[in-house]
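Trainee: Got a minute? I'd like to walk through this one with you.
Mentor: Sure, pull it up.

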Amino acid sequence: MTLLLTDKDHAMLRGDHGAAKKMAMSIVARMAEVSNAKELLHITGAHIDSTVYVGDAGLEFAERLANLGAKVSVPTTLNVSGLDEHHWQEWAVPSEWARQAHRQMIAYQSMGTIPTWTCAPYQTEMKPSFGQQIAWGESNAIVFANSVLGARTERYPDLFDICCAITGRAPAIGLHLTENRAGQILFRLINIPRQLQQSKDFYPVLGNLIGKLSLDKTPVIGGMTIIPDEDQLKAFGAGTSSSGSVALFHMVGVTPEAPTLEEAFHGNAPIEIIDVTMDMLRESRRQLTHTGSNELHLVVLGCPHFSLAEFKRLASLVKDKRKHPDVKFLVTSSRAMTQLAQKVGFLESLDAFGTQITVDTCILTSPMLPPEIKILMTNSAKFAYYSPGLLSKKIAFGSLEDCVNSAVAGRVIRDESLWTI
Ligand code: F3S
């Protein structure tokens, strides 16, 4: 298929708008050709995941663009980096690694981006709106933007996201187009108690299950008896895009493109119908725990990055409590959210409890954990899914309450009551 380019696209390709735009447009146009796109579309926002330092190639790419004078053409937020710029020395980050990761941060900032350094840009003032065409990287951000906000992005890979931001263009393919946003698999919740649906830990567990069964298809979830809040949907989406590669889900009566079951499927029949039972959920929850003992070294929260509402909830849970001296208690969030939490007084009880807060990054994108930390506990499906493979750590999954109670006791404690109904 021949790719149709505008006069301005051609001008960028020729180098009329400078060497950086020429390089970025040559990559965008080539990717569009191999994806069989008919044309490019205009985007009005971008979120860059290439900010994570994973080695010399990514750094070289960023610095090459920066040295060519690259500037983004649309409002562009930055995902996490490989470094908590001001507190990395408190952890086990090697100094040479920190130096390289910091160079990468500087390169991306020099391009006129907004240094949000967060994987939850949808909880900042840069949240996109319904129908907005955007080019976002970072799987949890992509699935939230598409599903919960009704914005439109493909699952953009690292390095390509910044090329879209520089040119303001993206291939007109995939989830940018209405016809590709129909639901494909129907998941029916069968006799799932309302009390469990109201809990926070239901969503990462359900997300882990739906992601595994959907892979790259678009799931539609029917049978919800409550309207989940933003953080519950965030935890669900992060689960689906970790165990699977879900980039869009519909929740009937909850998400904006699914007011009814029929609208979620664009009037088509589902290709598959799967009934979700309590047994399947219990198995999904069991799979998120990768340790048989109750030994515990670190509780880690904030994947995706902690919101203000989550800080508030944690502040009330840890009030007048103190963590066990042998267990570390870590929250990862953005600078902006942490400053806000400080301003409204949520950090006082966290400090007294013995919480450490890391901003700009997280345990999966920065080599911050020392070798003596071997067993973790989290309330995040994403941390639970990736930590054993990426960090070679054992991990236990539990609710936020379980995480706090375990940090106090110094060993893994989990309340099973909601899951044995
Ligand atoms: Fe964010 Fe790190 Fe989780 S980037 S989504 S906190 S793995």
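Mentor: One cut-off before we start: contact here means heavy atoms within 4.5 Å. Also, this is a predicted model.

Trainee: Okay. Let's use that on α16. Which residues of helix α16 are buried?
Mentor: Helix α16 covers residues 400–409, and its buried residues are L400, D402, C403, V404, S406 and A407.

Trainee: What do the buried residues of α16 pack against?
Mentor: Three helices are named: α11 (278–287), α12 (308–318) and α14 (347–353). Strands β10, β11 (328–333) and β13 (375–378) are on the list too.

Trainee: And just after α16, which residue takes a positive phi?
Mentor: G410, at about 85 degrees.

Trainee: Where else is phi positive, in a residue other than glycine?
Mentor: N36 is one case, with phi near 60 degrees. N36 lies in the loop between α2 (19–34) and β1 (40–42). S392 is another, with phi near 55 degrees. That residue is in the loop between α15 (381–391) and β14 (394–397).

Trainee: Is S392 buried or exposed?
Mentor: Exposed. The relative accessible area of S392 is 63%, and the cut-off for exposed is over 50%.

Trainee: Switching to the ligand. Where does the ligand sit?
Mentor: In the largest pocket.

Trainee: Which residues are around the ligand?
Mentor: V80, C119, E138, N140, G302, C303, P304, C362, L364 and K382. By class, that shell has six nonpolar, two polar and two charged residues.

Trainee: Which element gives the largest share of the shell?
Mentor: Strand β10, residues 298–306, with three residues.

Trainee: I saw an odd omega around there. Which peptide bond is cis?
Mentor: The one from C303 to P304, with omega near -10 degrees. P304 is in strand β10. Both C303 and P304 are also among the residues around the ligand.

Trainee: Now sheets. What is the strand order in the open sheet of four strands?
Mentor: β8-β7-β6-β9, with parallel pairing. The edge strands are β8 (250–251) and β9 (272–276), and each pairs on one side only.

Trainee: How many bridges pair β6 with β7?
Mentor: Four, in the parallel sense. β6 is residues 185–189 and β7 is residues 219–222. One bridge to look at: F187 has I221 in β7 as its partner.

Trainee: What about the open sheet of three strands, what order does it have?
Mentor: β3-β2-β4, again with parallel pairing. β3 (76–78) and β4 (135–136) stand at the edges with a single partner strand each, so one side of each has no neighbour in the sheet.

Trainee: How many bridges join β2 to β3?
Mentor: Three, and the two strands run parallel. β2 is residues 46–48. A46 stands opposite T76 in β3.

Trainee: Last topic, β12. How many of its residues are buried?
Mentor: Four of its five residues, so it's mostly covered; the cut-off for buried is under 20% relative accessible area. β12 is residues 355–359.

Trainee: And how many bridges join β11 to β12?
Mentor: Five, and those strands run parallel. T332 has T358 in β12 as its bridge partner. β11 also turned up earlier, among the elements that the buried residues of α16 pack against.

Trainee: Good. That's plenty for me to go on.

Notes: Residues are numbered from 1 along each chain as its sequence is written. This is a predicted model: local features need pLDDT of at least 70, side-chain atom pairs count only at pLDDT 80 or more; totals for chains, interfaces and linings use all residues. Side-chain values use heavy atoms; hydrogens and water are left out. Two strands pair if DSSP finds at least two bridges between them. A residue is near a molecule or strand if one of its heavy atoms lies within 4 Å of it. On a 1 Å grid over the protein atoms alone, a cavity is a set of points where a 1.4 Å probe fits but cannot get out, and a pocket is an open set with protein on both sides within 12 Å along at least five of seven lines; lining residues have an atom within 4 Å of a point. A molecule sits in a cavity or pocket if more than half of its atoms lie within 2 Å of its grid points. Ala, Val, Leu, Ile, Met, Phe, Trp, Tyr, Cys and Pro count as nonpolar, Asp, Glu, Lys and Arg as charged, and the others, Gly among them, as polar. Buried means under 20% relative accessible area, exposed over 50%, partly exposed in between (1.4 Å probe, protein chains only).
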